[in-house]
Amino acid sequence: MQYLLFINNSPDIDPSAPPEKEPMDIEDWVDQMDARGVRKFGDRLQSAADATTVRVRKGELLVTDGPFVEGKDYIAGIDIIECADLDEAIEIARLHPMATAGNIEIRPFWVWED
Amino acid sequence: MGGLVEEAVARAHREEWGRIVATLIRVTGDWSLAEDCAQDAFESALARWGRDGVPDNPGAWLTTVAKNHAIDRLRRRANEQSKLKEVMALDDPEDDQLDDRLRLIFTCCHPALTLESRVALTLRTVAGLTTGEIARAFLVPEATMAQRLVRAKGKIRNAGIPYRVPPGHLLGERLPGVLAVLYVLFTEGYSASSGERLVREPLAEEAIRVARILALLMPDEPEVGGLLALMVLQHARRAGRTDAAGDPVSIEEQDRGSWDRAAIAEGLSILRRALRRHRVGGYQLQAVIAAEHASAPNWGQTDFRAIVRAYDDLARLDPSPVIAFNRAIAWGMAEGPTVGLERLDLIADRLEGYYLLPAARADFLRRLGRRREAAEQYERALGLAPSEPETRFLERRLAEVTARE
């Protein structure tokens with residue numbers, strides 16, 4: 001199965017609270033997942049302040065600054081992983097430092113019927 | 001004769017449904033196909049057992065028929081040849097089927113599904129209730145429940161939720177989720193008000209049935225035994241829990257002659273086996289409390305000190321206000337109403353708006369003969385809008401303490 005991991009900043013994390021101990025730092029996570037052969041691609045993104053939203057409505061182009069939905073949490077990075085099933089995807093995600101410092105949404109890729 | 005056949009089919013349905021569905025899901029990976037073929041098999045049984053007699057081994061008969069239905073359905077689909085081969089190779093070893101049912105339970109209770117989906121899916125696929133029966137038990141329209149089940153099965157397929165018992169290193173964190181589903185099922189069976197009681201009570205029985213399967217499959221997990229013991233002990237008191245009008249009767253006033261003694265003995269023996277493993281947990285402690293109540297000859301001779309000790313341990317595992325509240329009540333029963341009132345005062349700020357807090361205060365005040373203060377607390381409890389049967393109970397008590405001597 002292929003999954004996209006949305007690495008999110010979390011609004012529910014209290015910035016004044018002492019930071020929780022993360023399972024490993026991001027370089028170690030990337031090295032470990034690359035060595036396991038489960039990580040296909042991944043990178044960090046610029047902040048939501050640098051996002052641009054494009055829509056076409058009634059044939060007219062609308063370009064706006066920022067993300068389409070204003071919210072406190074935003075996607076800070078993505079990873080594409082390939083692994084056996086959701087349990088393995090959860091195990092991979094829980095080791096990511098942002099699972100502790102933020103949250104990770106696991107989305108399976110659409111499966112095209114042949 | 002028709003009655004006998006229907007009874008045999010109903011019994012086979014209770015005993016074999018989950019096993020047949022679980023096995024077909026393993027070999028086809030297709031939840032809807034598995035349910036449809038199991039349904040077909042039971043319909044065939046109704047038609048054919050009346051004519052040909054009930055087979056010696058109904059489970060094997062049903063599995064074979066369900067398997068043949070699966071082969072027929074898969075043959076009609078062009079792109080399912082690999083599943084077809086798996087089904088045709090299916091030959092019925094008993095061990096595999098126990099594993100299949102455990103796989104089914106763990107998959108239905110996967111934490112990536114919402115709790116309500118887990119409960120519905122467990123009732124549908126493990127216990128074999130129809131969508132209509134589950135909808136009635138949870139008081140939602142049948143279409144809503146059907147939608148919920150379709151969505152849950154869709155998520156299992158699309159998100160890649162594995163069909164398996166989690167490996168050892170994950171079992172510890174996954175088992176509590178399974179037990180929680182069974183406990184929700186069980187308590188749903190009891191939280192019903194009188195009008196709903198008839199449709200809900202089977203839920204409690206289904207929860208016990210699935211817990212029995214789980215206990216059989218995981219004999220080394222004491223919390224499974226603890227939960228089963230808790231449910232069996234509570235269920236043993238069901239006849240005394242409500243009066244003729246369906247209103248709740250406090251355990252103090254229940255007719256102990258109505259309790260199911262055989263079930264209590266069974267619950268106590270399950271609990272003893274679990275406690276012997278010396279890995280105590282929340283369900284075992286709650287079962288200890290239920291066991292003290294169930295084995296006391298009357299309210300006055302209940303060993304409340306043993307109950308307080310169990311609540312002390314429980315409060316360490318679970319610092320929730322409700323446990324703290326029950327612990328305070330137990331203190332009051334063990335050491336007298338004055339101590340009970342003091343204990344309630346200590347935790348009152350954590351129980352803001354909880355109608356049982358003034359109700360408990362009222363009860364301790366009533367026992368102390370402080371009738372005017374008791375009446376005030378009953379009125380306060382009534383103001384916090386509990387359910388109708390509870391309102392009637394509180395009004396009765398209020399009338400007692402305000403009556404002239």
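## Q377 of chain B

Q377(B) is buried in this predicted model. Its relative accessible area is 11%. Buried here means under 20%, so Q377(B) falls inside that class. The residue sits in helix α19 of chain B, which runs over residues 371-383.

Which residues does Q377(B) touch, once those up to four places away in sequence are set aside? They are P358(B), R361(B), A362(B) and L365(B).

## K67 of chain B

K67(B) is a second buried residue of chain B, with a relative accessible area of 18%. The cut-off for buried is under 20%, so K67(B) also counts as buried. Its helix is α3, residues 58-75 of chain B.

Beyond four places in sequence, K67(B) contacts V87(B), M88(B) and L90(B). For V87(B) the spacing is given in two ways. In sequence, K67(B) and V87(B) are 20 residues apart. In space, their C-alpha atoms are 6.7 Å apart.

## Chain B as a whole

Both residues belong to a chain with 20 helices and 0 strands. Chain B has 405 residues, and 51% of them count as buried. Its C-alpha trace spans about 80 × 50 × 35 Å along the principal axes.

Among contacts in chain B with a separation of 6 or more, 64% join residues 24 or more positions apart. The chain exposes about 19,400 Å². Carbon and sulfur atoms supply 50% of that area. Chain B carries 56 positive and 59 negative charges, and the mean positions of the two sets are 2 Å apart.

## Chain A as a whole

Chain A has 3 helices and 6 strands. In what order do they come along the sequence? The pattern is β-α-β-β-β-β-α-α-β. The C-alpha atoms fill a box of roughly 50 × 45 × 20 Å along the principal axes.

Of the 114 residues of chain A, 32% count as buried. Residues 24 or more positions apart account for 77% of its contacts with a separation of 6 or more. The accessible surface is about 7,900 Å², and 54% of it belongs to carbon and sulfur atoms. There are 11 positive and 24 negative side chains in chain A. The centres of these two sets lie 5 Å apart.

## A negative patch on chain A

Negative charge gathers in a patch on the surface of chain A. Its members are E20(A), E22(A), D25(A), E27(A), D28(A) and D31(A).

Where does E20(A) lie? It is in the loop between β1 (2-9) and α1 (26-36) of chain A. Its relative accessible area is 61%. Exposed means over 50%, so E20(A) counts as exposed.

## A nonpolar patch on chain A

Chain A also has a nonpolar surface patch of about 380 Å². V54(A), V56(A), L61(A) and V63(A) make it. Two strands of chain A each give two or more residues to this patch: β3 (52-57) and β4 (60-65).

V56(A) lies in strand β3. Is V56(A) buried or exposed? Its relative accessible area is 52%, over the 50% mark, so V56(A) is exposed.

Note on methods:
Residues are numbered from 1 along each chain as its sequence is written. Chains are lettered from A and ligands numbered from 1 in the order in which they are written. This is a predicted model: local features need pLDDT of at least 70, side-chain atom pairs count only at pLDDT 80 or more; totals for chains, interfaces and linings use all residues. Side-chain values use heavy atoms; hydrogens and water are left out. Patches are made of residues with over 30% relative accessible area and no salt bridge: like charges are joined within 9 Å, nonpolar side chains (Val, Leu, Ile, Met, Phe, Trp, Tyr) within 5 Å. Accessible areas come from the Shrake-Rupley method with a 1.4 Å probe; for residues, only the protein chains shown count as cover. A salt bridge is a side-chain nitrogen of Lys or Arg within 4 Å of a carboxyl oxygen of Asp or Glu. Helices (H or I, at least four residues) and strands (E, at least two) are DSSP runs, numbered from the N terminus. Buried means under 20% relative accessible area, exposed over 50%, partly exposed in between (1.4 Å probe, protein chains only). Contact means heavy atoms within 4.5 Å. Lys and Arg count as positive and Asp and Glu as negative; His and the chain ends are not counted. The place of a charge is taken as NZ of Lys, CZ of Arg, CG of Asp or CD of Glu.
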